[in-house]
Amino acid sequence: MMNPQFPQPLSAMKEGVLESIIEKVPFGFSLINADYVLESANDAWLKIIQKSENEVIGKNVFDVFPEMKDLLKPILENVKETKQPFYSPEYSWKLMRQGILENVFFNFVYHPIYTDSGRFQHFACVVIEVTDLVETKNKIKNEEERLRLATESSHTATWDLNLKNSEIIHSSYLSKIFGYEDGDAISHQQMRGHLVEYDRINIVEKAYERALKTGKYKYEARIIDKKGNLKWIFTNGKIFRDEENQPIRMLGVMQDITERKTNEILLQESHHQLNTALDATKLGRFDMDYETQHKYNFSPRFLSILGYDADTENLDCKVFEKHIHPKYLKVRNEALKKAKSTGDLYYQTKIILRDGKVKWVEIYGRLLESFEGSKPYVSGTMRDITDLKEFERKIRESEQKYRFLADAIPQIVWIGESDGRLTYFNQATMDYSGKDYNTFLEGNGWLDIVHPNERDENIRLWTDSVTHKIPFSFEHRFRNKNNEYRWFLSRAAPQLDEFGNVTKWVGTSTDIDDMKKQDEHKNNFIKIANHELKTPVTTIKGYVQLLKKMRGNSDDKFLVNSLNTIENQINKLNHLMGELLDISRIESGKLPLHKGDFSLLKLVTETIEDIKAAEQSHHINFELSGAKDIEVFADKDRITQVLNNLLTNAIKYSPNSKEVNVQLFVEGNCAVVSVEDFGIGMDEPELNKIFERFYRVSGEDEVTFPGFGIGLFIVKDIVERHEGKIWVESEKQKGSKFYFSLPLLEK
Ligand code: ADP
């Protein structure tokens, strides 16, 4: 658009007006003719070049600025030729000013001027010195560089976001935060893409909304960087607005705060763990100035133990002291004194609550010495132990009750620790032995009253029980206060915890002396009776046999039957007397064994033959597996007795079947004999008991199966005294299979 006050061309202007305007304009202006001669210049121009009018007007421009000739000449020639003006912003120019070569900057224009006929006439040269501007610009650039260095060394990235088109300019460190190569430019879109979805929605977008209102943009959020690492970033920015108050730009910094956050989270977690632990253990927490005993930092639990509501009540620093039961003030003071030397504060005290109720609490704290000018203080916990104390009381009571009970009974009662040490004996022990309590506890003090003959075996059995956690049972003699020995049966059972570890041994020792003596009398009686009966029975047996020989073929059926019956009954009586004698011998440990080498195969077959001769009711099948030379070192008569017993039982307890199977085989280094019948059988629970003395499953059925229940007891004793084993497999109404094993003769 043309300005009406400055109509073109210049020649149309009044002479002098233009000159005076040019003279006053704040930029340098000069006219150079086609021969490069300076025709005119205004003051500003002269000032810029620091020369006087005389020095330049009418002179060739290249003479005036010889240092510029190489640069300037092609420019001017080009302007002349192309008729296009030359603009040069911030042109650096080495200029000699007042004898000093200075680096100056100009914005300058060489504009061609033509005559109306189009002939080139002048170069209009307009020069504005911008040295200051360029310097300022450079300064800013330097500042920026410095800022860049500063931000990068402090691990801070900078960014500049255009809010209109979302274009972002950022420092290279920002790329690094997002896991890109150092120089990579990343778009705003890319950056957003790295944010953890949840944080983008809940943190970043909300922060942006807030920024639009307040102008400040600030958040901490998580990103997954390009390499897949989870990181925490912190952003702090500011919004800039245009004249219409529209947000146009946002500038800010960003930091990688992963390390701090991780530590923060760890700290939070450990705080949380501590709190959970405190909560779970129902501990109240407090800190206390050791000198003044002022408390601070009470936890809500601390206050609630004392019966206060942490939310509504304001408490003073000596609230705890007010509640201590007066009787325990001394305990507390002593504990505080002790803490000074040990560093640990510990005591239990009763407290009286506002409503008069009494509670027990336990205080535990650490005295932390003063550091960096702070006073020494106690950091501690308080625990409500009322229930615990109540428990303790009940346990004490019940222990007293049991002790009383234990002391009141006439039987000896004792308690051992898991390692076998005896730590308690009841009153009856002292009463019996006439010794005092402590002599029993010291060392193996109790062993002193055990008869010397039984001491070694006693220790062996007790050690065995303790080691294997198995019940203890032993008959031994204890010396009483009159130095007399009496027989006791001691038994102990281990008390196990839920993991099967022994917590205690509880034992009793029962006086069985009278019983033992009666047993001895009984055994003596049986022996004597046996002895006394033997002569008449043998005599009767001899006469019956003689009579049978003489009258056995008689036609008198009654006589023959009677003689057979007498002989049978005499045999049974003999057998029974033998068994009774055996029992009494077993009990007094005097069943003699006469061992020798013999073939078990021969013994088994012979015994079977004998039984077959006497009992025709059953078929006895024999089966031998493996080697024939099965030799043992044993008491032949006793082993015959064992097999005899098993065979007669098999026949007796299988009245409705005809078969009995006997097997002989070798297993490992043992010979095994089995006797199988298909009779009445037994139930599982009975299987172990049948080897006990006088035990009879068939006891109720005395008519069908007469007996005393001592055969198997003797059998078991004989087999075990040969280091053998006896066992049974049986099923009710199906039959039984008895086995016994004997060690093979070592060759
Ligand atoms: P007795 O046979 O004199 O009663 P034992 O000691 O020989 O005494 O046997 C003990 C008990 O074992 C018997 O009363 C019987 O109940 C049971 N018993 C023994 N052998 C057999 C068997 N073969 N079948 C079923 N029960 C048996």
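This report describes the cavities, nonpolar cores, annotated spans and selected residues of a predicted model.

**Cavities**

The model encloses three cavities of 30 Å³ or more. The two with the greatest volumes are set side by side below.

| Cavity | Volume | Nonpolar lining residues | Polar lining residues | Charged lining residues |
|---|---|---|---|---|
| Largest | about 150 Å³ | 10 | five | no charged residues |
| Second largest | about 80 Å³ | 12 | no polar residues | no charged residues |

The largest cavity, with a volume of about 150 Å³, is lined by 15 residues, of which W414, L422, W446, F478 and S509 are the closest to its centre. Four elements each give two or more residues to this lining: strands β16 (412–417), β17 (422–425) and β18 (472–479), together with helix α17 (452–468). The greatest contribution is that of β18, which supplies three residues. Charged residues are absent from the lining, where 10 nonpolar residues are joined by five polar ones.

The second largest cavity has a volume of about 80 Å³. Its lining consists of I32, W45, I48, I49, V61, F65, L72, W93, F106, Y110, C125 and V127. Two or more of these residues come from each of α2 (43–49), β4 (100–114) and β5 (120–129). Helix α2 gives the most, with three residues. By class, the 12 residues of this lining are nonpolar, with no polar and no charged members.

**Nonpolar cores**

The largest nonpolar core comprises 43 residues, and the members that touch the most others are L600, I639, L647 and F740. Helix α21 (residues 636–652) contributes the most to this core, namely seven residues. Beyond its neighbours within four places in sequence, L600 makes contact with I630, V632, I639, L664, A671, V673 and L742. A second, separate core holds 29 residues, including Y36, M68, L72 and I75. L72 also appears in the lining of the second largest cavity.

**Helix α22 and its surroundings**

Helix α22 (residues 711–721) is mostly covered, with eight of its 11 residues buried. The buried positions are G711, L712, F713, I714, V715, D717, I718 and V719. These residues pack against helices α19 (557–587) and α21 and against strands β26 (725–731) and β27 (735–743). Helix α21 is also the element that gives the most residues to the largest nonpolar core. Just after α22, E723 adopts a positive phi of about 60 degrees.

**Annotated spans**

An unreviewed UniProt entry lists residues 217–269, 345–397 and 472–524 under "domain: PAC". In the model, residues 217–269 are 23% helix and 57% strand, with the end C-alpha atoms 29 Å apart. For residues 472–524 the content is 23% helix and 57% strand, and the end C-alpha atoms are separated by 29 Å. The feature "domain: PAS" is placed by UniProt, again in an unreviewed entry, at residues 398–469. That span is 56% helix and 14% strand, and its end C-alpha atoms lie 26 Å apart.

**Selected buried residues**

A406 belongs to helix α14 (residues 386–408). Its relative accessible area is 12%, and because buried means under 20%, A406 falls in the buried class. Not counting residues up to four places away in sequence, A406 touches Y424 and N426. The C-alpha atoms of A406 and Q427 are 7.5 Å apart, although 21 residues separate the two along the chain.

N42 is located in the loop between β2 (38–41) and α2. With a relative accessible area of 0%, N42 is buried. Apart from neighbours within four places in sequence, its contacts are I22, E23, V25, F27, G28 and F29.

K231 sits in strand β9 (residues 230–241). This lysine counts as buried, at 14% relative accessibility. When neighbours within four places in sequence are left aside, K231 is in contact with K176, I177, G179, A221, R222, I223, D225, D256 and T258. Among these partners is G179, which is 52 residues from K231 in sequence and 9.9 Å away in space, C-alpha to C-alpha.

Note on methods: Residues are numbered from 1 along each chain as its sequence is written. This is a predicted model: local features need pLDDT of at least 70, side-chain atom pairs count only at pLDDT 80 or more; totals for chains, interfaces and linings use all residues. Side-chain values use heavy atoms; hydrogens and water are left out. On a 1 Å grid over the protein atoms alone, a cavity is a set of points where a 1.4 Å probe fits but cannot get out, and a pocket is an open set with protein on both sides within 12 Å along at least five of seven lines; lining residues have an atom within 4 Å of a point. Grid points are joined across faces, edges and corners, and a volume is the space filled by probe spheres set on the points. Ala, Val, Leu, Ile, Met, Phe, Trp, Tyr, Cys and Pro count as nonpolar, Asp, Glu, Lys and Arg as charged, and the others, Gly among them, as polar. A nonpolar core is a set of buried Ala, Val, Leu, Ile, Met, Phe, Trp, Tyr and Cys residues joined through side-chain atoms within 4.5 Å. Buried means under 20% relative accessible area, exposed over 50%, partly exposed in between (1.4 Å probe, protein chains only). Contact means heavy atoms within 4.5 Å. UniProt positions are given in the numbering used here, feature names are shortened, and annotations may be inferred rather than shown by experiment.
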